Amino acid sequence: MEHNPDSSESLATADVDTATSLCLLAGKIMLQSGAETSRVEDTMTRMAASLGIPLSHSYVTPTGIIFQAGSEASSKLIRIAERTTDLQKVTAVNSVSRRLTNGTIQAAEAKQELLGIDRAAHAFPVWVLIAAASIASASFTIMFQGDWRDLIPSFISGGIGYSAVVYFHRLVKVKFFAELFAAFLVGLVSMLLVQSGIGAQLDKIIIGSVMPLVPGLLITNAVRDLMAGHLVSGLSRGAEAFLTAFAIGTGIAVLFIFF
Amino acid sequence: MAAQLVVSFIASAAFTILFNAPKRSLLQCGLTGMLSWFIYLMVQPRSGPVLASLCASAVVGMLSLFFARFYKMPLIIFSVAGIIPLVPGGLAYDSMRQFVENDYTAAVQLAAEAFLISGAIAMGLILSEVLNQVLRRGK
């Protein structure tokens, strides 16, 4: 990016402030919903450009965004504490920024839409998510060469595992422990089902049921961040993914120590 | 084989619900996951899981690039759906279990394989991205 110190001075300070807060809001929603770092930076830069700030700088990590509109303006910082996966919101913000860049909507409308997206609840109710987790678990058991008899047990324990991670995460704010407990519960339920004669292969049932907890999105994001040159983000996301995998492994392992 | 394809479609589509992806992307995500699992199943018996994961994720990367352009949605929606069947969750679990049962030799072996597969998935994704950049520059 070439430097041109005069470019942002054509805008009034108030305009720059509005544009900055708009960009930060978009970036915050995207980052909280699980977008890659490069996408967040790209979206913020594009939005700023369409709002009359051709030179903006952003530094995005999974835990915070630093944004500066032009070289004269002061920089703003937003801290991101909680991250979930909500690709619906990423798509929605993406579409707002696209329309803003096209000129289809103005800054005020964009702000209203973004506030709406920020406030919106998850696109799917929790029971749909649990049902999806159950179906995914059952499917994975079959994909990993499981027996057809293991379909129902993995459906049950996968659903219980996902419900547990949702419930425990509300109870304990530490994600690591929520995942550990959930994995332990998955193992326990699968073991009970196998011992009562409903399931056949314990291993396949556990592997299938644990899949909804596996940090697939985190791993993908970590790699994409690393490759895009966002080394700090890539490494920290990689660490998050590793912690999750470790929690799941430990949860199951503890079960085998006990029984 | 047919059962495997149906099941992988369902699994990938269910996963996109878990990630709260937009409803209109469910079908495409299911297709991406199905294709990735199909390629994996085709290549795996001949050249092993690592190369199979590499091929599958490279194809997933290209397909999700296409879908992202065509439907004007973030690429990540499709690539995640395609990657999910390849993630070596089973191997990671197996190696953890061997660790618990004090069979460290087997555990390290399995862990190394899981690590290699994750690397292969990553390489495949990068490969498709690089290809895309080369094609874009070439124009």
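The following exercises, each with a worked solution, concern a predicted model of two chains, A and B.

Local features in this predicted model need pLDDT of at least 70, and side-chain atom pairs count only at pLDDT 80 or more, while totals for chains, interfaces and linings use all residues. Residues are numbered from 1 along each chain as its sequence is written, chains are lettered from A and ligands numbered from 1 in the order in which they are written, and side-chain values use heavy atoms, with hydrogens and water left out.

**Exercise 1. The two chains**

Task: State which secondary structure elements chain A and chain B hold, and how much of each chain is buried.

Solution:
Step 1. Helices (H or I, at least four residues) and strands (E, at least two) are DSSP runs, numbered from the N terminus.
Step 2. Chain A has 10 helices and 3 strands, in the order α-α-β-β-β-α-α-α-α-α-α-α-α from the N terminus.
Step 3. Chain B has 5 helices and 0 strands.
Step 4. A residue is buried under 20% relative accessible area, exposed over 50% and partly exposed in between (1.4 Å probe, protein chains only). By this rule, 50% of the 259 residues of chain A are buried, and 53% of the 139 residues in chain B.
Step 5. Along the principal axes, the C-alpha atoms of chain A fill a box of roughly 75 × 30 × 30 Å, and the C-alpha trace of chain B spans about 55 × 35 × 25 Å.

**Exercise 2. Two buried residues**

Task: Determine why A:Ser139 and B:Cys29 count as buried, and which residues they touch.

Solution:
Step 1. A:Ser139 lies in helix 5 (residues 126-143) of chain A. A:Ser139 counts as buried because its relative accessibility is 6%.
Step 2. A contact means heavy atoms within 4.5 Å. Not counting residues up to four places away in sequence, A:Ser139 touches B:Val7, B:Ile10 and B:Ala11.
Step 3. B:Cys29 lies in helix 2 of chain B. Its relative accessibility is 0%, so B:Cys29 counts as buried.
Step 4. Apart from neighbours within four places in sequence, B:Cys29 is in contact with B:Ser12, B:Thr16, B:Ile77, B:Phe78 and B:Ala81.
Step 5. B:Cys29 and B:Leu75 are 46 residues apart in sequence and 11 Å apart in space, C-alpha to C-alpha.

**Exercise 3. Helix 9 of chain A**

Task: Describe the span of helix 9 of chain A and what its buried residues pack against.

Solution:
Step 1. The expected span of a helix is 1.5 Å times one less than its number of residues. With 12 residues, helix 9 of chain A reaches 17 Å from its first C-alpha to its last, close to the expected 16 Å.
Step 2. The helix is mostly covered, since 9 of its 12 residues are buried; among them are A:Leu217, A:Leu218 and A:Asp225.
Step 3. In chain A, the buried residues pack against helix 2 (37-50), helix 7 (175-195) and helix 10 (231-258). In chain B, they pack against helix 3 (75-83) and helix 5.
Step 4. Just after helix 9 of chain A, A:Gly229 takes a positive phi of about 90°.

**Exercise 4. The cavities**

Task: State how many cavities of 30 Å³ or more the structure holds, and which residues line them.

Solution:
Step 1. Rolling a probe the size of a water molecule over the atoms shows where empty space is left. On a 1 Å grid over the protein atoms alone, a cavity is a set of points where a 1.4 Å probe fits but cannot get out, and lining residues have an atom within 4 Å of a point. Grid points are joined across faces, edges and corners, and a volume is the space filled by probe spheres set on the points.
Step 2. There are 2 such cavities of 30 Å³ or more.
Step 3. The largest cavity has a volume of about 90 Å³. Its lining is A:Gly216, A:Ile219, A:Thr220, A:Val223, B:Ile83, B:Val87, B:Pro88, B:Ser118, B:Ile121, B:Ala122 and B:Leu125.
Step 4. Ala, Val, Leu, Ile, Met, Phe, Trp, Tyr, Cys and Pro count as nonpolar, Asp, Glu, Lys and Arg as charged, and the others, Gly among them, as polar. The lining of the largest cavity has 8 nonpolar, 3 polar and no charged residues.
Step 5. The second largest cavity, with a volume of about 30 Å³, is lined by A:Arg224, B:Gly61, B:Leu75, B:Leu125, B:Ser128 and B:Glu129. This lining divides into 2 nonpolar, 2 polar and 2 charged residues.

Key:
On a 1 Å grid over the protein atoms alone, a cavity is a set of points where a 1.4 Å probe fits but cannot get out, and a pocket is an open set with protein on both sides within 12 Å along at least five of seven lines; lining residues have an atom within 4 Å of a point.
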